[in-house]
Amino acid sequence: MKEQLQALEQEALSKVEEASTIKELQVVRVAYLGKKGPITEVLRGMGKLSPEERPIIGELANTVRANIANAMEEKKDAMERAELEKQLAEEQIDVTLPGRPVAVGGPHLLTSIVEEIEDLFIGLGFEVREGPEVETDYYNFEALNLPKGHPARDMQDSFYITEDLLMRTHTSPVQARTMNAIQGARPVKMICPGKVYRRDTDDATHSHQFTQIEGLYVDKNVRMSDLKGVLDRFAKHMFGEDREIRLRPSFFPFTEPSVEMDISCKVCNGEGCSVCKKTGWIEILGAGMVHPRVLEMAGYDPNEYSGFAFGMGPERIAMLKYGVDDIRHFYTNDVRFLKQYHQA
Ligand code: 2NL
């Protein structure tokens with residue numbers, strides 16, 4: 001029995017040695033130390049032994065069992081350590097490698113242009129104001145000298161919500177509301193950027209929804225020359241100090257007189273090319289002296305106060321400045337288009 005146990009020990013220890021995975025080791029454990037294993041078997045046969053032999057064999061069996069168990073434990077630890085070493089070697093991190101670039105977004109071209117224009121006018125003492133996009137007929141039309149049935153209303157046909165409520169066709173109602181709230185108590189010097197809506201068929205130069213920035217300066221003794229000076233500064237700021245401006249007579253129901261402003265063409269320097277349609281000038285915006293009736297309706301005495309106003313489309317400004325050939329680029333948001341202007 002003693003030899004049998006020693007042979008079992010040798011056999012088990014070499015099996016432990018041979019095992020190359022934890023799973024295989026588990027199989028060896030069950031085979032030798034399990035309830036149905038050979039050592040249990042030997043211990044079960046102890047009853048047949050003499051009382052002198054019994055404790056000797058019993059002790060030996062326990063030692064053999066402990067030796068096998070220890071060997072298994074050591075082998076298991078060694079295998080786990082090796083596995084960890086391997087993992088550590090494989091997963092080494094080189095902290096000196098350059099970091100992965102993080103994709104950073106940027107403002108939309110239209111946002112950049114609007115903010116650039118805002119910054120200039122803030123510098124000239126204008127405040128920036130916003131107002132509702134759903135407007136009343138009164139503030140969108142009536143207060144701007146566009147009474148019901150006025151033919152100019154047809155050119156600004158919009159999306160109506162009720163008979164009296166519509167999507168604003170321009171940002172002027174923000175200015176009319178501002179003046180109305182002040183009722184001639186003090187001057188107004190403001191710009192109002194925002195979305196406007198017109199019933200139009202979308203194409204490369206038209207959109208049913210677009211952006212507008214209007215400006216208004218009402219005070220005592222505001223003159224056409226003040227308008228011209230501000231617009232000249234604006235044109236040079238946006239398009240370069242070498243740009244010239246030109247004012248041509250025009251018509252708007254809310255200004256009298258009304259003008260259209262052109263800037264000298266940067267491409268041909270006034271010589272005439274395809275960009276300026278051989279005229280040497282490019283139309284940028286509309287402006288004028290606030291119509292006395294508009295001042296009066298807002299509570300300003302036109303004999304005491306005068307003012308200038310202007311309106312422009314930031315999309316058009318951006319298209320001219322950056323050579324964008326289709327207004328729809330601003331709204332379809334193809335990142336390949338937008339990314340080009342992240343430094344702009
Ligand atoms: C254009 C022309 C213009 C105005 C807007 C205005 C506002 C008030 C009173 C008088 Cl409250 N005028 N705004 C004046 C002239 C022209 O816009 O072509 N915009 C794209």
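Select Arg-168 first and display its surroundings: apart from neighbours within four places in sequence, this residue is in contact with Gly-131, Pro-132, Glu-133, Glu-135, Asn-140, Pro-173, Val-174, Gly-194, Lys-195, Val-196 and Tyr-197. The model on screen is a predicted one. Arg-168 itself belongs to the loop between strand E3 (165–167) and helix H8 (172–182).

Which side chain of opposite charge is nearest to Arg-168? Select Glu-133, which is 4.5 Å away. Arg-168 has no salt bridge, although the residue is buried. A salt bridge requires a side-chain nitrogen of Lys or Arg within 4 Å of a carboxyl oxygen of Asp or Glu. Now add Pro-132 to the selection: its backbone oxygen is reached by the side chain of Arg-168 at 3.2 Å.

Keep Glu-135 on display, since this residue is also among the contacts of Arg-168, and select Arg-177. Glu-135 and Arg-177 form a salt bridge, with 2.7 Å between the closest N and O atoms. Arg-177 is part of helix H8, whereas Glu-135 is in strand E2 (residues 134–136), so the salt bridge ties together parts that lie 42 residues apart in sequence. Are the two partners buried or exposed? Glu-135 is buried, at 1% relative accessibility, while Arg-177 is partly exposed, with a relative accessible area of 31%.

Next, select Asp-137, Glu-142, Lys-148 and Arg-153 together. These four residues are linked in a network of salt bridges. With that group still in view, select Asn-145, found in the loop between helix H6 (137–140) and helix H7 (152–155). What should be checked in the backbone of Asn-145? Its phi is positive, about 65°, although the residue is not a glycine. Asn-145 is buried, and its relative accessible area is 11%.

A second positive phi can be inspected at Lys-277, another residue other than glycine, where the angle is near 55°. Lys-277 is located in the loop between E7 and strand E8 (281–290). In contrast to the buried Asn-145, Lys-277 counts as exposed, at 70% relative accessibility.

From this loop, move to strand E7 (residues 255–264) and select Pro-257, which is found there. Where is the cis peptide bond to be seen? Display Glu-256 as well: the bond joining Glu-256 and Pro-257 is cis, with omega at about -5°.

The remaining stops concern charged pairs. How many salt bridges are counted in this model? The count comes to 19, and two further examples merit selection.

For one of them, select Lys-220 and Glu-304, whose closest N and O atoms are 3.2 Å apart in a salt bridge. Lys-220 lies in the loop between strand E5 (209–219) and helix H9 (224–239), and Glu-304 in the loop between helix H10 (292–297) and strand E9 (306–312); the pair therefore ties together parts 84 residues apart in sequence. Lys-220 is partly exposed at 42% relative accessibility, and Glu-304 is likewise partly exposed, with a relative accessible area of 40%.

For the other, select Arg-233 and Glu-241, whose side chains meet in a salt bridge at 2.9 Å, N to O. Arg-233 counts as partly exposed, at 31% relative accessibility, whereas Glu-241 is exposed, with a relative accessible area of 53%.

Note on methods
Residues are numbered from 1 along each chain as its sequence is written. This is a predicted model: local features need pLDDT of at least 70, side-chain atom pairs count only at pLDDT 80 or more; totals for chains, interfaces and linings use all residues. Side-chain values use heavy atoms; hydrogens and water are left out. Helices (H or I, at least four residues) and strands (E, at least two) are DSSP runs, numbered from the N terminus. Buried means under 20% relative accessible area, exposed over 50%, partly exposed in between (1.4 Å probe, protein chains only). Lys and Arg count as positive and Asp and Glu as negative; His and the chain ends are not counted. A polar contact is a pair of N or O atoms within 3.5 Å; within protein, one must be able to donate a hydrogen and the other to accept it, and residues adjacent in sequence count only if both atoms are side-chain atoms. Contact means heavy atoms within 4.5 Å.
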